[in-house]
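Please examine the sequence and the three-dimensional model shown below. The explanation that follows is intended to be read alongside them.

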Amino acid sequence: MSQINIGDQAPEITAINQHEEEIKLSNFLGKKVILYFYPRDNTPGCTTEACNFRDNYEELSENGYVVLGVSTDGLSSHQKFATKHELPFHLLVDEEKNIVNQYGVWVEKNMYGRKYMGTARTTFLIDEKGVVRDIIKKVKNKEATKQVLEAWKQIQ
């Protein structure tokens, strides 16, 4: 598992989205990318985070941001999640766990004393040249967009 640091070139991603389109991170050079990793479709925290990005999507798009959500759920799960909550951004399928491992967010978790592997909720902010400019590890689901915009202000 690799460790990504601020200032690193973001590793290339190639994955299908909920529309079965191939998406590459390099397709978004020239835009600011909000690459957010979340544990599971249709769980309360993940739904709150996704809906926060949805509710602010127009403003984000107008300001040159692209939102990419990644989880280890499959295509049909992403399709149902995106349709149910009218998510206008890409949800990338990572069933093989290539992307979560590449970005170092597939980690050991602990719930009620039970250890298991899962996705650490993490947001990477990637600039127009494909460089990681910030990594948000303590994501506030209800304020995900606000956190991102405040982080970008600090960067610039």
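The paragraphs below take up the confidence of the model, an annotated residue, the cysteines, a pocket and a further helix.

The structure is a predicted model, and its confidence should be considered at the outset. The mean pLDDT of the chain is 94, with 99% of the residues reaching 70 or more. Among the elements of the chain, the highest mean pLDDT, 98, belongs to strand E5 (residues 90-93), whereas strand E6 (residues 106-111) has the lowest, 90. Strand E6 appears again below, in the discussion of the largest pocket.

Attention may next be directed to Cys46, which an unreviewed UniProt entry annotates as "active site"; such an annotation may be inferred rather than shown by experiment. Cys46 is located in helix H1, which comprises residues 44-55. Is this residue buried or exposed? Cys46 counts as buried because its relative accessibility is 1%, and the limit for that class is under 20%. Leaving aside residues up to four places away in sequence, Cys46 is in contact with Tyr38, Pro39, Arg40, Phe81 and Arg121.

The cysteines also raise the matter of disulfides. A disulfide is a covalent bond between the sulfur atoms of two cysteines. The criterion applied here is a pair of cysteine sulfur atoms within 2.5 Å. For Cys46, the closest cysteine sulfur is that of Cys51, at 11 Å, and this is too far for a bond. Viewed from Cys51, the closest cysteine sulfur is in turn that of Cys46. The resulting count is zero disulfides. Cys51 likewise falls in the buried class, since its relative accessibility is 13%.

Which residues line the largest pocket? The lining consists of Pro39, Arg40, Thr72, Trp106, Lys109, Met111, Tyr116, Met117, Gly118 and Thr119. Two elements, E6 and strand E7 (114-119), each give two or more residues to this lining. Strand E7 gives the most, with four residues. The volume of the largest pocket is about 150 Å³. Pro39 and Arg40 link this part of the description to the preceding one: both belong to the lining of the largest pocket, and both touch Cys46.

A final point concerns helix H2 (residues 57-62), in which Glu59 lies. With a relative accessible area of 40%, Glu59 is partly exposed, whereas Cys46 is buried. The C-alpha atom of Glu59 is separated by 9.9 Å from that of Thr145, although the two residues are 86 residues apart along the chain.

Key: Residues are numbered from 1 along each chain as its sequence is written. This is a predicted model: local features need pLDDT of at least 70, side-chain atom pairs count only at pLDDT 80 or more; totals for chains, interfaces and linings use all residues. Side-chain values use heavy atoms; hydrogens and water are left out. Buried means under 20% relative accessible area, exposed over 50%, partly exposed in between (1.4 Å probe, protein chains only). Contact means heavy atoms within 4.5 Å. pLDDT is the predictor's confidence in each residue, from 0 to 100. On a 1 Å grid over the protein atoms alone, a cavity is a set of points where a 1.4 Å probe fits but cannot get out, and a pocket is an open set with protein on both sides within 12 Å along at least five of seven lines; lining residues have an atom within 4 Å of a point. Grid points are joined across faces, edges and corners, and a volume is the space filled by probe spheres set on the points.
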